[in-house]
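Got your viewer open and a cartoon on screen? Let's take a walk through this one, a stop at a time.

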Amino acid sequence: MSAMAIDPEEYRRQSRETWGELATPWTERREWFMEVTGPVNDRLVDRAAPEPGQTFLELAAGTGDLGFQVAERVGDGGRVLVTDFAPEMVEAARRFGEGRSNVDYRVLDAEQMDLEDDSVDGVVCRWAYMLMSDPAGAFRETRRVLREGGPLSFAVWAGPDRNPWAAIPGMVLVQRGHMPPPEPGAPGIFAMGDPERIRELVTAGGFGEPDVELLEFVFPSADFETMWDNIARMSPLARVLGELPDDEQEAAREAIREAVAPFRSEDGSYAAPAATWVALAR
């Protein structure tokens with residue numbers, strides 16, 4: 001793949017700023033998001049197989065729900081370090097994790113971790129490596145902090161054909177000239193949608209061949225207003241939409257409504273297919 005034509009440091013800065021802004025809407029919708037993504041968390045934890053007394057690291061934790069699930073497995077004698085590169089997300093996770101004595105919180109960039117070599121027994125990460133400016137470097141850092149033979153259990157989104165809930169809004173904004181089309185090799189939600197790309201990056205990071213499986217589920221919305229609210233506030237598209245004039249934002253909204261019509265039920269609710277790769281590497 002070609003190298004991305006962006007400045008990695010500037011990309012990291014913008015990404016950190018964006019995810020800091022998204023901390024509030026993610027906090028407000030955490031219960032809904034946990035319910036929808038529960039099967040993904042369950043599978044990630046099962047594949048990591050945390051044991052009592054172990055130390056685990058969660059990367060790009062958001063509001064921390066995956067790390068909290070790991071904390072239940074490692075018990076009072078274990079530790080979970082819940083981390084994110086956006087301080088606002090770390091504070092949100094800290095609030096939700098109040099009272100958990102075996103969880104620590106830290107602002108940490110997965111591409112440049114201030115952690116000792118061989119310092120954790122396992123790592124979990126949900127939907128973040130594909131957004132990083134240097135995913136191979138992030139995998140190398142993960143390999144460095146993992147003790148020999150420790151598991152890395154992570155999820156990245158499958159391709160756009162399997163995830164219309166995300167592909168359609170982005171496609172509409174590209175078609176309307178509000179976003180450039182994604183560049184090959186650039187970070188993005190579908191940057192690791194090909195399992196061969198996953199294997200390439202994971203092995204480049206020093207791991208053995210990963211075991212990759214597909215997990216399918218559904219993103220439900222009670223109505224289009226709910227779907228639009230999530231698109232306009234929970235994803236990085238929120239910044240693009242927020243900068244549009246009101247009339248163009250409304251036009252983009254109606255174009256998205258028309259494009260997602262195939263996923264609308266008779267009662268007005270929506271059920272958009274979703275699929276993620278869940279990988280285990282050692």
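**Stop one: a helix over the sheet**

Select helix α7, residues 164–175: it lies across β5, β6 and β7 (270–281), and it runs at about 110 degrees to β7. Keep in mind as you click around that this is a predicted model.

Now add helix α6, residues 135–145, which lies across β1 (55–59), β4 (122–126) and β5 (152–157). Against β5, α6 runs at about 160 degrees.

**Stop two: the sheet itself**

Hide the helices and colour the strands. What order do the seven strands take in the sheet? Reading across, you get β3-β2-β1-β4-β5-β7-β6, in an open sheet with mixed pairing. The edges belong to β3 (103–107) and β6 (211–221); each has a single partner strand, so one side of each is left without a neighbour in the sheet. Look along the sheet and you can follow the twist, which averages 20 degrees from one strand to the next.

Zoom in on the β3 edge. Strand β2 (residues 79–84) pairs with β3 in the parallel sense, over five bridges. Show V82 as sticks, then Y105 in β3: the two stand opposite each other.

**Stop three: α3 against α4**

Bring back helix α3 (residues 30–48) and helix α4 (residues 65–74). Their axes come within 9 Å and cross at roughly 50 degrees. An angle like that makes α3 oblique to α4. The crossing of α3 past α4 is right-handed.

For the contact, select R30, M34, N41, D42, L44, V45 and D46 in α3, then D65, L66, F68, Q69, V70 and R73 in α4. Colour this contact by class and you should get six nonpolar, two polar and five charged residues.

Stay on α4 and switch to a surface view. How many of the ten residues of α4 are buried? Seven are, and the helix is mostly covered. The buried set is D65, L66, G67, F68, V70, A71 and V74. What covers these residues includes α3, β1, β2, α5 (87–96), β3 and β4. Step just past the end of α4 and you land on G75, which takes a positive phi of about 70 degrees.

**Stop four: α6 against α8**

Go back to α6 and add helix α8, residues 195–204. The two pack at an angle of about 50 degrees, with their axes 7 Å apart. That makes α6 and α8 oblique to each other, and α6 passes α8 in a right-handed crossing.

Which residues meet here? Pick P135, A136, F139 and R140 on the α6 side, and L201, V202 and A204 on the α8 side. By class, this contact has six nonpolar residues, no polar ones and one charged.

**Stop five: two positive phi angles**

If you have a Ramachandran panel, open it for the last two picks. A49 is not a glycine, yet its phi is positive, at about 50 degrees. You'll find A49 in the loop between α3 and β1. A49 is partly exposed, with a relative accessible area of 37%.

Then jump to W127, in the loop between β4 and α6. Here too phi is positive, about 60 degrees for W127, although this residue is not a glycine. Is W127 buried or exposed? At 9% relative accessibility, W127 counts as buried.

Conventions
Residues are numbered from 1 along each chain as its sequence is written. This is a predicted model: local features need pLDDT of at least 70, side-chain atom pairs count only at pLDDT 80 or more; totals for chains, interfaces and linings use all residues. Side-chain values use heavy atoms; hydrogens and water are left out. Two strands pair if DSSP finds at least two bridges between them. Helices (H or I, at least four residues) and strands (E, at least two) are DSSP runs, numbered from the N terminus. Axes are lines fitted to C-alpha atoms, for helices over the stretch in contact, and angles run from 0 to 180 degrees between N-to-C directions. Contact means heavy atoms within 4.5 Å. Angles under 35 degrees count as roughly parallel, over 145 as roughly antiparallel, 65 to 115 as roughly perpendicular and the rest as oblique. A crossing is left-handed if the near helix is turned anticlockwise from the far one by less than a right angle, and right-handed if clockwise. Ala, Val, Leu, Ile, Met, Phe, Trp, Tyr, Cys and Pro count as nonpolar, Asp, Glu, Lys and Arg as charged, and the others, Gly among them, as polar. Buried means under 20% relative accessible area, exposed over 50%, partly exposed in between (1.4 Å probe, protein chains only).
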